[in-house]
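Biologist: I am new to this structure and would like to learn how to read it, one feature after another. Could we look at it together?

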Amino acid sequence: MKWLRSSLFKNNSDTFVFEENINVKVEHYDNSLKDIRDIVVSGKLTRGGQDKIYADLLVKGNFEMISGKTLKEVVVPFEIEEREEYVDKSVFAGEEVFDVNLMDMYIDLTPLVNELIILNIPITTSDEEELEMVSGNDWEVISEESLTDVKEKKESPFAALNGLFKEQ
């Protein structure tokens, strides 16, 4: 996803629309992430004067992960919307800049797309997963609702003392 800037805005158009399928390698990520598939990056680049280009992106795809609950592979779809501004390097000539996307003869969206995907890798998977093994030898998985019900039903040995000392 790298284009020569001079070829982007032909025919006096101020926008360049694109859609590309890309591949992302997952070797360097968390072991629970098995693959990132079906990634489609679409959007438009808009001219913002002589030395700026605005990138409106939509990144869609699927994370294939190992569930922390069931230890099975699950597919987690994702959709990321982002708007970024790219500025020509010559504007900041000789200065050290941070948190600014720079471009020269080319505009390259690949590092931005990779960063967006990395930042959106889920830590946990969906709560909609069904747990197959809900009990074992001397243990069982209970929901939060049933835990609060148990707490409410459990009577305190000091329940008879309720109301004995009234606060004024």
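Modeller: We will go from the whole chain to single residues, keeping in mind that this is a predicted model.

Biologist: Which secondary structure elements does the chain have, and how do they run from the N terminus on?

Modeller: The chain holds two helices and nine strands, and read from the N terminus they follow the order β-β-β-β-β-β-β-α-β-β-α.

Biologist: How much of the chain is buried?

Modeller: Of the 168 residues in the chain, 26% are buried, while the accessible surface amounts to about 12800 Å², with 48% of that belonging to carbon and sulfur atoms. As for contacts between residues at least 6 apart in sequence, 57% of them join residues at least 24 apart.

Biologist: Turning to a single residue, where is Asp-56 found, and which residues does Asp-56 touch?

Modeller: Asp-56 lies in strand S4, which covers residues 52–66, and, leaving aside residues up to four places away in sequence, Asp-56 touches Ser-42, Gly-43, Lys-44, Thr-46, Glu-82 and Arg-83. With Arg-83 there is also a polar contact, made between the two side chains at 2.9 Å.

Biologist: Which residues form the nonpolar patch on the surface?

Modeller: The patch is formed by Phe-158, Leu-161, Leu-164 and Phe-165, which together have about 510 Å² of accessible area. One of these residues, Leu-161, belongs to the segment after helix H2 (144–153).

Biologist: Why does Leu-161 count as partly exposed?

Modeller: Partly exposed lies between the cut-offs of 20% and 50% relative accessible area, and Leu-161 counts as partly exposed because its relative accessibility is 47%.

Notes: Residues numbered from 1 in each chain as written. Predicted model: local features only at pLDDT ≥ 70, side-chain atom pairs only at ≥ 80, totals over all residues. Heavy atoms only, no water. Helix = DSSP H or I, 4+ residues; strand = E, 2+ residues; numbered from the N terminus. Buried < 20%, exposed > 50% of the residue type's maximum accessible area, 1.4 Å probe, protein only. Contact = heavy atoms within 4.5 Å. Areas by Shrake-Rupley, 256 points an atom, 1.4 Å probe, with all protein chains shown as cover. Polar contact = N/O pair within 3.5 Å; in protein donor to acceptor, adjacent residues only side chain to side chain. Patch = residues over 30% accessible without salt bridge, like charges linked within 9 Å, V, L, I, M, F, W, Y side chains within 5 Å. Salt bridge = Lys/Arg side-chain N within 4 Å of Asp/Glu carboxyl O.
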